[in-house]
Amino acid sequence: MTDSRQGNPDYRDSGLEFPAGFVFGSATAAYQIEGAFDEDGRGPSIWDTFSHTPGAILNGDTGDKASDHYHHLEEDLDLMQRLGLHAYRFSISWSRIQPTGRGPVNEKGLAFYERLVDGLLERGIRPIATLYHWDLPQALEDEGGWTNRETAYAFAEYARIMGAALGDRIDTWTTLNEPWCSAYLGYGSGAHAPGRTDGAEALTAVHHLNLAHGLAITELRKVVTNDPDFSITLNLHVVRGEGPGGPEAVRQIDGLGNRVFLGPLLKGEYPADVLADTAAITDWSFVRPGDTGIIHQPIDVLGVNYYSTTRVRLWDGEAPRQSADGHKDAAGSPWPGADRVEFVQQAGPYTDMGWNIEPAGLEELLVSLSEEFPDQPLMITENGAAFPDTLVQEADGPAVHDPLRTDYLQRHFTAAHRALARGVDLRGYQVWSFMDNFEWAYGYSKRFGIVYVDYDTEVRTPKDSALWYAKLVATGIIPAA
Ligand code: FCB
């Protein structure tokens, strides 16, 4: 390649080739894109309730209509095919399948996912299905949500239903997306649904989510008839320390953010230091004998979501405590037991989320995971960036020029390639997101898509970053930006 540039200090390489079989795709989540919130028998989820709670979401946005994907399915699938995607990571709305989280299947809801999966396969795109991307049926929240152990068993039953229905066609089953967010933002800080603010409840939710994962994998294995990969997706934190208390602050945040999931999932035990750090909040008696054995299921691939890094130090107790952990400030804390830790504002540049751009963090995360778990294949299940986008009319049609997003992607694909070169068993990369969508507490104010969505007309326009990505997918080689 004439424009080949490698070893760039800022991770702006081009001309690097990914191994054959590397799975290039893109990701979305049900509540963020589907809309049709009350159609065809769908029951309400905690995100319907939360988004309709005054003050919970920026600008009062809701996912009622979202990107209206439910009504644009064929068109969206065609667009994925035009971009040449190898895989599509989507999530299934539990309350479309079981409107109250239990009981008989809502056939119309299931039919939507049958159409989606069949449409992907017809176009040669691998389905990567996530069973839970944060949208718990409201009826289960009314019984305690993830603080109720029974929710884990209801989830296993839902997994069995999905496995029986689609278990001849799904390439990869992901049980949960980012249980960290479900537990700590949902039950600790209250920034996410269901908006509860209790540290003990957040830790209870952590365990019941872990348990739900183990139970669901066990049920899926019983009913699927092809040979899929089983996985879970975590938002692992790349934590850097500052000052003399840095190592201690890192230990605590690594514990609550990473090891409380990686421990039971991949080693079959909770880290003792996390139990000790949180002993004043809960005695962890919700962990019953045998639970960690259930959670510790072999998985074929660990899903890794990465956006930026985290910087911590011990708080001196005097200056105002910084809380720049990348999450919207809310009534409670998403870090139960870590009251002495402060999250330091990091150096830019930043994306529109205020998240620092640090591709080295992705390389570091992948390498450290592969050192700790050498036999565990990895997949980047989310990476991408929000930037303000403008739709412009060019002579040959509408366009969105988003060089900052392309630059972000180029730098993070470079980081992924460097991890591969260092021996990491990285199987693929799903760009977040296939299209602009409802960005949780920030509503429609943040655009993460490589495809632009006009929320008035629902017209889709591939951004320049999508065209750049299509070249990468077609050649397997990082193009120049
Ligand atoms: C992740 C979520 C995803 C999206 C991105 C920006 O935490 O899994 O739904 O909101 O962040």
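The following exchange examines cavities, pockets, a helix and a strand in a predicted model.

Biologist: What makes the enclosed spaces in this structure cavities rather than pockets?

Modeller: A cavity is a set of points where a 1.4 Å probe fits but cannot get out, whereas a pocket is an open set. A search of the whole structure finds four cavities of 30 Å³ or more. The largest cavity holds about 60 Å³ of space, and the second largest holds about 50 Å³.

Biologist: Which residues line the largest cavity, and which helices supply at least two residues each?

Modeller: The lining includes Ile-46, Trp-47, Tyr-132, Trp-134 and Trp-146, together with Cys-181, Ser-182, Tyr-187, His-192, Ala-193 and Pro-194. Helix H2 (46-51) and helix H8 (179-189) each supply at least two of these residues. The largest share, three residues, comes from H8.

Biologist: How do you know what the chemical character of that lining is?

Modeller: The residues of the lining divide into nine nonpolar, two polar and no charged. Trp, Tyr, Cys and Pro count as nonpolar under the classification used, so residues such as Trp-47 and Pro-194 fall in that class.

Biologist: What makes the lining of the second largest cavity charged in part?

Modeller: By class, that lining has three nonpolar, three polar and four charged residues. Asp, Glu, Lys and Arg count as charged; Glu-34, Arg-42, Arg-96 and Asp-135 are among the lining residues, and therefore belong to the charged class. Also in the lining are Ala-30, Tyr-31, Gly-35, Phe-37, Gly-63 and Ser-93.

Biologist: What is the volume of the largest pocket, and which residues are closest to its centre?

Modeller: The largest pocket has a volume of about 740 Å³. It is lined by 41 residues, of which Ser-308, Asp-325, Gly-326, His-327 and Trp-355 are the closest to the centre. The lining divides into 18 nonpolar, 17 polar and six charged residues.

Biologist: Which helix supplies the largest share of the lining of the second largest pocket?

Modeller: The second largest pocket, with a volume of about 390 Å³, is lined by 20 residues, and Asp-254, Asn-258, Arg-259, Leu-262 and Glu-372 are the closest to its centre. Helix H10 (246-267) and helix H13 (359-372) each supply at least two lining residues, and the largest share, seven residues, comes from H10. By class, this lining has 10 nonpolar, four polar and six charged residues.

Biologist: How do you know how the span of helix H7 compares with the one expected?

Modeller: The expected span is 1.5 Å times one less than the number of residues. Helix H7 (residues 149-166) has 18 residues and reaches 26 Å from its first C-alpha to its last, close to the 26 Å expected. At the start of H7, a side-chain oxygen of Asn-148 comes to within 2.9 Å of the backbone nitrogen of Glu-150. The cut-off for a polar contact is 3.5 Å, so this pair lies within it.

Biologist: Why is H7 called mostly covered?

Modeller: Buried means under 20% relative accessible area, and 13 of the 18 residues of H7 are buried.

Biologist: What makes strand E2 mostly covered?

Modeller: Five of the five residues of E2 (residues 87-91) are buried. Ala-87, Arg-89 and Ser-91 point one way, Tyr-88 and Phe-90 the other way, and all are buried.

Biologist: How do you know that E2 pairs with strands E1 and E3?

Modeller: Pairing requires at least two bridges. E2 and E1 (residues 23-27) pair in the parallel sense over three bridges, with Gly-25 opposite Ala-87. Five bridges join E2 to E3 (residues 126-132), also parallel, and Tyr-88 stands opposite Pro-127. Both pairings therefore satisfy the criterion.

How values were computed. Residues are numbered from 1 along each chain as its sequence is written. This is a predicted model: local features need pLDDT of at least 70, side-chain atom pairs count only at pLDDT 80 or more; totals for chains, interfaces and linings use all residues. Side-chain values use heavy atoms; hydrogens and water are left out. On a 1 Å grid over the protein atoms alone, a cavity is a set of points where a 1.4 Å probe fits but cannot get out, and a pocket is an open set with protein on both sides within 12 Å along at least five of seven lines; lining residues have an atom within 4 Å of a point. Grid points are joined across faces, edges and corners, and a volume is the space filled by probe spheres set on the points. Helices (H or I, at least four residues) and strands (E, at least two) are DSSP runs, numbered from the N terminus. Buried means under 20% relative accessible area, exposed over 50%, partly exposed in between (1.4 Å probe, protein chains only). A polar contact is a pair of N or O atoms within 3.5 Å; within protein, one must be able to donate a hydrogen and the other to accept it, and residues adjacent in sequence count only if both atoms are side-chain atoms.
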